[in-house]
Amino acid sequence: MLPLLKFLSSTQSPLMMNLYPYYVFMQNRGVVPLENSLFKPLPPSKEEVDPNTLLHYTNVFDAMIDAVYFSMSNLNFTDVEVLVTETGWPSKGDPKVEPFANSDNADAYNSNLIKHVLVDRGGTPLRPATTPSVYIYELFDEDLRPGPVSEANWGLFYGNGTPAYLLHVEGTGGFLANDTTNRTFCVVAEGADAKSLQAALDWACGPGRANCSGIQPGMDCYDPNTVRAHASYAFDSYYQMQGRSSGSCYFQGVSMITTTDPSHGNCIFPGSKKVSNNIRGTSNGTLASNDVGWSRRATGERWLFGCHILIMLLTLCLLMPR
């Protein structure tokens, strides 16, 4: 190990590590809380505290990274950064022996991981100013991989290219949503700030030129008469008008993509199959070319953000040793 660390230090190269909180949790059930493994909030009494440094850890991922830094420090190497080349959570497993390998936990882990690394950028308790680069394992499921059921189900997508599940990154709206069923909708995200929500609704029905006629008094989607309900309708109208393109369901982080049809009663959302293609085509036709250009400029950063992650995932998939 010493020759390797000397080489990495002299070349200013990172130490590449594969870190899996899933296995830490599975091997220490009853000791490590599931919430601690999924980046979910914990009461102070459940936070892990390092007895030597008294540093508080709210998630297993940060603890694993800092364990690597502590180990290198004990060998007198403090200038080598950690690069996480693999981490993730399986979306399916044998329910008898792998009950925590499911799509909800996979969504929670990978979504919260992306938020932790790319949105919060808070580093770790030991190195709060240093946020490591991370590669999610993996892009596609490996149907023929032997071993436990979970071994073949770490992918964000099935082998045929359809999504295994959708990621929901708080603060970024919907993410990596692959609309192969023509049934995705843009709605208000949980915990959206009321002031930001109102501003996003005003923009969607104003400069965004979403078709908000359905939420006017006397119309089918006017009730419930709340900002949240009206905003979901307006967001979905804009999202469908933009062809469900990446970045069109953002609205400064107060929206998210869902596969659940938000239509209710006589209120039919624009993205519902109950709405004819002709109506959607008419709405698309009302968008002037200069508005399309403005929209693309406004969402360009989200396009780059999504492409960056996909490129990283594809690179990992191609370079991964078999």
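Contact here means heavy atoms within 4.5 Å. All views show a predicted model.

**View 1. Asparagine 102 and its contacts.** Asparagine 102 lies in the loop between β4 and α5. Setting aside neighbours within four places in sequence, asparagine 102 is in contact with Trp89, Pro90, Ser91 and Lys92. Take lysine 92 from that group. Lysine 92 and asparagine 102 are ten residues apart in sequence. In space, their C-alpha atoms are 4.5 Å apart. Is asparagine 102 buried, partly exposed or exposed? Its relative accessible area is 24%. Buried would require under 20%, and exposed over 50%. Asparagine 102 therefore counts as partly exposed.

**View 2. The open sheet of three strands.** The strand order is β1-β4-β5. The pairing is parallel. Which strands stand at the edges? They are β1 (15-18) and β5 (134-136). Each has a single partner strand, so one side of each is left without a neighbour in the sheet. From one strand to the next, the twist averages 15 degrees.

**View 3. The pairing of β1 with β4.** In general, strands of a sheet pair through backbone hydrogen bonds, in parallel or antiparallel fashion. Here β1 and β4 (residues 82-87) run parallel. How many bridges join β1 to β4? There are four. Look for methionine 16 in this view. Opposite methionine 16 stands leucine 83, a residue of β4.

**View 4. Helix α5 against the sheet.** Helix α5 packs on the sheet. Two strands are touched by α5: β4 and β5. The direction of α5 makes about 160 degrees with that of β5.

**View 5. The cavity and its lining.** The model has one cavity of 30 Å³ or more. The volume of this largest cavity is about 40 Å³. Which elements give two or more residues to its lining? They are α4 (60-74) and α5 (103-120). The largest share, three residues, comes from α4. The lining residues are Phe61, Asp62, Ile65, His116, Val117, Gly123, Thr124, Thr131 and Pro132. By type, the lining divides into four nonpolar residues, four polar and one charged. The nonpolar ones are Phe61, Ile65, Val117 and Pro132. The charged one is Asp62.

Terms used:
Residues are numbered from 1 along each chain as its sequence is written. This is a predicted model: local features need pLDDT of at least 70, side-chain atom pairs count only at pLDDT 80 or more; totals for chains, interfaces and linings use all residues. Side-chain values use heavy atoms; hydrogens and water are left out. On a 1 Å grid over the protein atoms alone, a cavity is a set of points where a 1.4 Å probe fits but cannot get out, and a pocket is an open set with protein on both sides within 12 Å along at least five of seven lines; lining residues have an atom within 4 Å of a point. Grid points are joined across faces, edges and corners, and a volume is the space filled by probe spheres set on the points. Two strands pair if DSSP finds at least two bridges between them. Axes are lines fitted to C-alpha atoms, for helices over the stretch in contact, and angles run from 0 to 180 degrees between N-to-C directions. Buried means under 20% relative accessible area, exposed over 50%, partly exposed in between (1.4 Å probe, protein chains only).
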